[in-house]
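Here are some worked exercises to go through with the structure open beside you. Try each task on your own before reading its solution.

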Amino acid sequence: MTGSEIRETFLRYFERNGHRRVPSSPLVPQNDPTLLFTNAGMVQFKSLFLGEERRDYVRATTAQKCVRAGGKHNDLENVGRTARHHTFFEMLGNFSFGDYFKREAIGFAWELLTKDFGLDRSRMIATVYQDDDDAFALWKAVAGLPEDRVLRLGEKDNFWAMGDTGPCGPCSEVHFHQGDHLPCAEVDAGRACLGPACECDRWLEIWNLVFMQFNRDQSGTMTPLPRPSIDTGMGLERMAAVLQGKLSSFDTDLVRPLIVRVSDLAGKPYGAREDDDVSMRVVADHGRTTTFLIGDGVTPSNEWRGYVLRRIMRRAMRHGKMLGLTEPFLWRTVGWTIDVMRDAYPELAPQQARIEETVRSEEERFAETLDAGLRRIDEYFEAEGREGRGRVVDGRLLFKLYDTYGFPRDLAEDVFQDAGWRVSDETGAAWDAEMTAQRERARAHAGFGLTEGAEANAIYQRLSAELPRIDFVGYDTLTSPARVLAILKDGQRVREASEGDEVEMILDRTPAYAESGGQVGDTGTITGRAGRGDLVDTYYRGAKLIVHRVKVRAGGFHEDEDVAVAIETPRRLGLRQHHTGTHLLHAALRKVLGTHVAQAGSLVAPDHLRFDFSHGASVKDRELEDVQDLVNEQVVLNVPVERTEMDLEQALRSGAMALFGEKYGQRVSVVRIGEFSLELCGGTHLEQTGQLGLLKVETEGAVAAGVRRVEAVAGTAALETVARKEQALREAADLLKAAPLDVPQRLRKLLDGQRDLERQLAELEGKLARSRAEDLVGSAREVGGVAVITGRVDGLDPDGLRSVADMLRDRLGSGIVCVASVVGDKVNVVGAVTKDLVKKFHAGKLVQDVARAIGGAGGGRPDLAQAGGRDVARLDDALRLVDEYVRRAAG
């Protein structure tokens, strides 16, 4: 059976048995911002197992795409070295939410394995939890297995828990015997193989049935669940290996086609050399993972999910380098992966170009770093010996590679470990010491004040613990009475402030919004009985301590006095307009570009907004217009903007978008804009979208690989922008003596005329170049048995100079040309060598000699190269060096 047939057979079997076929959820968990990637079939059903949600089915079956490459479940280091570990894999599963239990689950499993898949009963063994007498008896009664083929194992192997507390229960695994001909460390040591409990490959786990029947509390006490459930998982790649008679899942039709393509690209046969085989398997596996992760909206970055993706990609790039692949290659695995998986995951094909562009961009950016780092490691190996033989990797070297070349620590560790070196606590300690020393140097160089140092942070933490909870009232009012709880100056608690001081104040309540979530802090005034101050900024310190930076303008303030706080109203309105505009913009981008769009950063200021988002391709002008139109459509509809507080789990179940990697408290604020947008957000917003007035996109462009940035203005700022552009259009119209709407047509006409003049000029320059070339032909001379032409053709740009060099080379037929041109205070040099001489003479080396003499640099191909310099006075002497180079190279 093919992999696709196995997947479909599994799903259809459970559909026949009353299960709802549910599509795979994305690799980025939708309702769990704490989980790195979807790593099991049950992830999308977590709320059902916890009893927090009900659906119109109680039985489900899925083919779930999964990634295990970080956190608790991390198979990254084993990939390529074992027969069964993958970072990306598919998990086939059937689930019961309080419906059937152990008897039915075991019956379904056994029937599918033995009848639909046709596996040999005598080659399978079941394992159960040591105290699960029910499952032990059912395997005998339902499957007919004798007692010696139902093994009892401990909690480590056969007990499953969702976490330290919560739903849990025993599990039962089905293992398939692959053959006693496979090596086993126990047998090699003179002992018997441990069967399914052994670490060898003789027995392969093919299905895990989890019987979710208990709830474990913080004391460890387990009580029966009122509605026990079933969660099973079968690795598609493993089952494909069994049914296709392969000992490795890399040899199945799900992965082997990619390995064949990698082998062809590298020009090396698979199976000839183990190190090459490992690298081919790594590239194939990581190419699959990269394709699916980017397809689900993850982009390479230095944070959380993006960092894990980047690490996977860079690991594949390094193994490609080991195979001799010097040009970008990983992007090719995208198409190969889609060819294999398009039937099961048709959503990938429309994204192919975007995914390939993201991968290729990352490859090109990392290529130089990879080359420089590997060269430095090779130099270290030459000095210290390549074979590690258990020697400890020097953490100082790893830090230098990172600090100097940007070479990732984990990738460097991989290189050393592959050579037999060992990464130990000593390695980590040396790295940490170097990192600490660098931070101290940076801090000293920057001259940070005490308010940025450890003592000040300790004060903020202490105040957070000592002071009562600060009440933020800024959602409902812009003015509020308050009591001064603490006053700090330069990181020290001073208890009072006088005119001219700039201090930090902590109040018991405030209408001032502290900078967070991209929104800048509020400004305004603080007035007391004997003092007045400008509130110049508001921000967080310590554990959610709201700090007001105040410039005392008159009188003074002291702790425990009552004050009045007033927020600058027009500025706050601008912030509200731009924050609501950001939410509308985010939702519109997802509707126009796709749901892979995710926020990657933002700035909400009173007069503009900046929004960074994940997207691997440039945004077309038409798409940007559609986004802007969608936002302004919501503005015209004057949709209510509603803010509600709820528990985090409730908010996520409602479909509210969370920022991945952001840490949220138990209670969160949710902002809903009709049916258009729903996000977790604690910022300040409008009451109705109509208050936004207008949103105008100003710019859009790339800021990093796979990350785009939109800048926009809203409200009064948008109207001012439109007015400025209209004024500029009127001025342009006056200059062109045309109506404003005729400006584009008039400009096109002028530009067409200019291009025509430029074409005529280029023709004249070409004629001039040919004329000057003719003049130089007669100056050809023989040096070391080779025809050589050198000379100056001043006034030509590099393109014109190349034309002269090409013509002279053609006229010579066989020989060497070096011509130079002075334009202003800059010298351009072009060297050319005819094809018959490139094995002996190199144009790049020739122009380097000339360039050094005029204080410049250059290089290029053996047949054509160019250089530049600034020392015009030495140019004639520099051209005489051509003869010396020719004599030297001619021998």
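**Exercise 1. Is Phe613 buried or exposed, and what does Phe613 touch?**

*Solution.* Keep in mind that this is a predicted model.

Step 1: Find the residue. Phe613 sits in strand 23, which covers residues 609-614.

Step 2: Check its accessibility. The relative accessible area of Phe613 is 0%, so Phe613 is buried.

Step 3: List its contacts. Leaving aside residues up to four places away in sequence, Phe613 touches Leu589, Leu593, Val597, Ala598, Ala600, Val619, Glu700, Gly706, Val707, Arg708, Arg709 and Val710.

Step 4: Look further along the chain. Thr299 is 314 residues from Phe613 in sequence, yet the two C-alpha atoms are 9.7 Å apart in space.

**Exercise 2. Work out the span of helix 18 and which residues of helix 18 are buried.**

*Solution.* Start with the length, then go around the helix.

Step 1: Helix 18 runs over residues 621-637, which is 17 residues. At 1.5 Å a residue the helix should span 24 Å, and its end C-alpha atoms are indeed 24 Å apart, so expectation and model agree.

Step 2: Pick out the buried residues. In helix 18 these are Leu624, Val627, Gln628, Val631, Asn632, Gln634 and Val635. They cover an arc of only 150 degrees around the axis, which means that they lie on the same side of helix 18. The spacing fits a simple rule: an α-helix has 3.6 residues a turn, so residues three or four places apart point the same way.

Step 3: Turn to the other side of helix 18, where Val636 and Leu637 are exposed.

Step 4: Find the packing partners. The buried residues of helix 18 pack against helix 17 (569-593), strand 27 (695-704) and strand 28 (707-714).

Step 5: See what comes next. Asn638 follows helix 18 and has a positive phi, near 55 degrees.

**Exercise 3. Which parts of the chain does the salt bridge between Lys65 and Asp296 tie together?**

*Solution.* A reminder before starting: side chains of opposite charge can pair when their charged atoms come close.

Step 1: Check the distance. The closest N and O atoms of Lys65 and Asp296 are 3.3 Å apart, and the two residues form a salt bridge.

Step 2: Place both partners. Lys65 belongs to strand 2 (residues 59-67), while Asp296 is in the loop between helix 9 (274-295) and helix 10 (304-322), so this pair ties together parts that are 231 residues apart in sequence.

Step 3: Check their surroundings. Lys65 and Asp296 are both buried.

Step 4: Put the pair in context. The structure holds 65 salt bridges, and one network of them links Glu8, Arg12, Glu15 and Arg21.

**Exercise 4. How many residues of helix 14 are buried, and which helices do they pack against?**

*Solution.* Count first, then look outward.

Step 1: Seven of the 10 residues of helix 14 are buried, so this helix is largely enclosed by the rest of the structure. The buried ones are Asp410, Leu411, Ala412, Glu413, Asp414, Val415 and Phe416.

Step 2: Their packing partners are helix 10, helix 12 (352-384) and helix 13 (395-405).

Step 3: Follow Asp414, which forms a salt bridge with Arg315; their closest N and O atoms are 3.4 Å apart. Asp414 is in helix 14 (residues 409-418) and Arg315 in helix 10, so the bridge ties together parts that are 99 residues apart in sequence. Both Asp414 and Arg315 are buried.

Step 4: Look just past the end of helix 14, where Gly420 has a positive phi of about 90 degrees.

**Exercise 5. Where do Arg809 and Asp806 lie relative to each other in helix 22?**

*Solution.* Combine position, distance and accessibility.

Step 1: The two residues are three places apart in helix 22 (residues 798-812), so about one helical turn separates Arg809 and Asp806.

Step 2: They form a salt bridge, with 3.0 Å between the closest N and O atoms of Arg809 and Asp806.

Step 3: Apply the cut-off: buried means under 20% relative accessible area. Arg809, at 16%, counts as buried, whereas Asp806, at 28%, is partly exposed.

Terms used
Residues numbered from 1 in each chain as written. Predicted model: local features only at pLDDT ≥ 70, side-chain atom pairs only at ≥ 80, totals over all residues. Heavy atoms only, no water. Helix = DSSP H or I, 4+ residues; strand = E, 2+ residues; numbered from the N terminus. Expected span 1.5 Å × (residues − 1). Buried < 20%, exposed > 50% of the residue type's maximum accessible area, 1.4 Å probe, protein only. Arc of directions from axis to C-beta. Contact = heavy atoms within 4.5 Å. Salt bridge = Lys/Arg side-chain N within 4 Å of Asp/Glu carboxyl O.
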